[in-house]
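Please look over the two chains shown below before reading on. This report goes through their sheet, their helix packing and their interface.

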Amino acid sequence: MEKPVFKMSARNLKFHYGSVLALKGISLDIRKNMVTALIGPSGCGKTTFLRCLNRMNDIVEGARVEGEILLDGLNIYAPEVDVVQVRKRVGMVFQKSNPFPKTIFENVAYGLKIDGEYSRSEIADRVEKSLKDSALWDEVSDRLHDSAMQISGGQQQRLCIARALSIKPEVILFDEPCSAIDPIATAKIEDLIQTLKKSYTVVIVTHNMQQAARVSDFTAFMMLGELIEFDATEKVFTNPASKLTEDYITGRFG
Amino acid sequence: MSKKFTERLGFALLSFSAVLVLLFLGVILFDIFSKGISVISWKFLSQPPRQGMTEGGIFPAILGTFLVSIITVVFAVPLGMFAAIYLHEYARPGRTTRMIRLAIRNLSGVPSIVYGLFGVVLFVQMMHLGTSILSAGLTLGLLTLPWTITACEEALKTVPKAYREGALALGATKWHAIRTNVLPYAIPGMLTGVILGLARAAGETAPILFTGAAFFLPHLPKSIFDQFMALPYHLYILSTQHHAIDKVRPIAYGTALVLVGLILILSFTAIWVRYRYRQRMKG
């Protein structure tokens with residue numbers, strides 16, 4: 001078996017929110033080109049952990065991070081690191097789809113225009129490519145210049161994925177991407193995640209255990225700010241090492 | 001008393017209060033309109049007063065109010081907008097920010113005559129701007145600042161956090177996110193507040209009384225350093241200071257009608273801007 005490549009690693013990560021310790025020292029390796037799922041009851045810190053991976057928690061008032069998060073071996077919390085560069089390499093899709101009130105095209109082009117480094121034709125090409133990669137192109141190619149607010153919820157979420165893909169990140173973080181959409185739209189996004197892992201490393205927070213079992217290669221079970229169990233998804237769901245994990249995945253609490 | 005009766009009584013009192021307010025507004029507007037409309041003509045709007053203000057029009061006052069308003073907007077809008085952006089997007093919650101907010105709230109309660117006297121000291125005397133359009137415009141600008149800042153902050157609040165986060169997650173800097181993904185959606189709301197603030201300022205007399213408004217001028221102002229005539233001050237003179245008050249009463253009503261009309265136009269513009277903005281946000 002070939003040696004696993006770790007795209008990102010947390011090293012004893014602690015997250016303080018004011019006087020509350022929301023993450024109590026998480027250490028976890030995220031494998032390249034794999035899907036890692038974070039599961040656990042509400043308030044367990046899975047979303048907080050996810051948002052540490054691209055430093056979105058920097059904007060939270062009263063937040064303080066201890067420990068390290070390594071991206072290709074380099075600590076993204078090191079003082080010399082530019083947070084903007086981190087977020088370009090580690091993209092994010094939010095729980096509630098958040099298309100901007102612009103056209104479909106402008107939504108996907110937004111990230112490409114930030115630094116003004118692409119020509120108009122390059123932007124057009126990459127918008128098309130991103131929409132194809134997010135399996136949305138066929139549905140919107142004839143109305144790219146319509147408002148993004150008019151497409152369905154599931155389409156909006158795939159638009160947000162296209163927007164994240166446009167700047168070619170290396171890792172994509174999904175924060176409960178299907179919590180607000182119907183089962184058919186959910187199935188589309190799950191298929192999409194399977195395709196995406198060929199080119200990207202994926203981390204997904206989900207409330208839905210079946211979803212974690214379906215889409216992920218590795219699963220981390222968290223509770224009250226601690227990592228209880230982290231292993232191959234198959235192992236976690238068929239033969240969990242911890243009694244807590246077993247109780248949670250069999251629905252005894254949650 | 002039965003519960004039902006109490007409820008009916010309460011409802012009656014509430015609707016009576018609402019109707020009473022409307023009634024006052026209606027009576028005032030009707031009075032001004034019915035007594036002022038007879039003097040309104042193109043000549044009234046486009047000519048200067050003649051014969052000791054007993055004849056002619058009020059053009060210099062309209063022009064003066066218009067010019068002062070421009071100074072007010074040019075001064076108060078950028079300053080208020082930037083202050084609001086700082087307070088809402090950058091300032092860390094804490095003692096200092098609370099103090100600044102408290103100061104802004106209190107400023108909006110300062111009587112307008114105090115602004116007027118402050119304007120005299122600061123702009124007319126200390127900054128040597130003289131009694132002029134500029135001094136009066138800046139004074140009115142100060143008066144509208146608390147409204148402008150508050151309105152701009154409210155507008156920023158209506159832009160969902162998700163727009164900011166979405167932009168940041170794509171590698172935008174904070175300022176880039178604000179500039180491209182927050183301000184465009186906040187500006188119509190800001191405009192609404194600014195227009196309403198301006199509508200208030202345009203009708204003020206006390207702040208311009210000592211800072212630049214003139215009783216009567218034979219010429220139109222040539223620059224922003226000249227004195228000017230203004231609608232509210234002109235109205236004040238015609239109704240209380242004139243030697244033949246009864247004779248100029250129709251002109252006074254006409255002036256009041258023009259002033260009220262101007263403010264109504266500004267208010268409706270604000271409503272229209274807000275309406276258009278809501279339509280756009282719905283997609």
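What follows covers the sheet of chain A, then the helices, then chain B and the contact between the chains.

## The sheet of chain A

This is a predicted model. Chain A holds an open sheet of six strands, in the order β6-β7-β8-β3-β9-β10. The pairing is mixed. Two strands sit at the edges, β6 (90-93) and β10 of chain A, and each pairs on one side only. From one strand to the next, the twist averages 15°.

The table lists the strand pairs of chain A for which bridges are given.

| Strand pair | Bridges | Direction |
|---|---|---|
| β6(A) and β7(A) | four bridges | parallel |
| β7(A) and β8(A) | five bridges | parallel |
| β3(A) and β9(A) | four bridges | parallel |
| β9(A) and β10(A) | six bridges | antiparallel |

Individual bridge partners fix the register. V93(A) is partnered by F174(A) in β7(A). L173(A) has V203(A) as its bridge partner in β8(A). A37(A) is matched with T219(A) in β9(A). F221(A) has its partner, E229(A), in β10(A).

The antiparallel pair consists of β9 (residues 218-223) and β10 (residues 226-232) of chain A. Together β9(A) and β10(A) make a hairpin, with two residues between them. One turn residue, L224(A), has a positive phi of about 45°.

## Strand β7(A) and its surroundings

Is β7(A) buried or exposed? Five of its five residues are buried, so β7(A) is largely enclosed by the rest of the structure. In a regular strand, side chains alternate between the two faces of the sheet. Both faces of β7(A) are covered. On one side the buried residues are V171(A), L173(A) and D175(A). On the other side they are I172(A) and F174(A). Two of these residues also appear in the bridges above: F174(A) is the partner of V93(A), and L173(A) pairs with V203(A).

A helix lies over this part of the sheet. Helix α6 (residues 153-166) of chain A lies across β6 and β7 (171-175) of chain A. Helix α6(A) runs at about 170° to β6(A).

## Helix packing in both chains

Two packed helices are described by the angle between their axes and the distance between the axes.

In chain A, α6(A) packs with helix α7 (residues 183-196) at an angle of about 20°, and their axes are 9 Å apart. That makes α6(A) roughly parallel to α7(A), because the angle is under 35 degrees. The crossing of α6(A) past α7(A) is right-handed. Helix α6(A) brings G153(A), G154(A), Q157(A), R158(A) and I161(A) to the contact. They meet A185(A), K188(A), I189(A) and L192(A) in α7(A). By class, this contact has four nonpolar, three polar and two charged residues.

In chain B, helix α5 (residues 112-126) and helix α6 (residues 133-157) have axes that come within 9 Å and cross at roughly 130°. Helices α5(B) and α6(B) are therefore oblique to each other. Their crossing is right-handed. On the α5(B) side, the contact uses S112(B), Y115(B), G116(B), G119(B), F123(B) and V124(B). On the α6(B) side, it uses S135(B), L138(B), T139(B), L142(B) and L143(B). The residues of this contact divide into six nonpolar, five polar and no charged.

## Chain B as a whole

How many helices and strands are there in chain B? There are 12 helices and two strands. From the N terminus on, the order is α-α-β-β-α-α-α-α-α-α-α-α-α-α. The C-alpha trace spans about 70 × 65 × 40 Å along its principal axes. Chain B has 283 residues, of which 40% count as buried. Of the contacts in chain B with a separation of 6 or more, 76% come from residues 24 or more positions apart.

## Where the chains meet

Chain B puts 17 residues in contact with 22 residues of chain A. Three helices of chain B each supply at least two residues to its side of the interface: α7 (161-169), α8 (174-181) and α12 (245-282). Which of them gives the most? It is α7(B), with six residues. By class, the side of chain B that touches chain A has nine nonpolar, six polar and two charged residues.

Definitions and conventions
Residues are numbered from 1 along each chain as its sequence is written. Chains are lettered from A and ligands numbered from 1 in the order in which they are written. This is a predicted model: local features need pLDDT of at least 70, side-chain atom pairs count only at pLDDT 80 or more; totals for chains, interfaces and linings use all residues. Two strands pair if DSSP finds at least two bridges between them. Two residues are in contact if their C-beta atoms, placed from the backbone, lie within 7 Å. Ala, Val, Leu, Ile, Met, Phe, Trp, Tyr, Cys and Pro count as nonpolar, Asp, Glu, Lys and Arg as charged, and the others, Gly among them, as polar. Axes are lines fitted to C-alpha atoms, for helices over the stretch in contact, and angles run from 0 to 180 degrees between N-to-C directions. A residue is buried if 20 or more other C-beta atoms lie within 10 Å of its own, exposed if 12 or fewer, and partly exposed in between; C-beta atoms are placed from the backbone. Angles under 35 degrees count as roughly parallel, over 145 as roughly antiparallel, 65 to 115 as roughly perpendicular and the rest as oblique. A crossing is left-handed if the near helix is turned anticlockwise from the far one by less than a right angle, and right-handed if clockwise.
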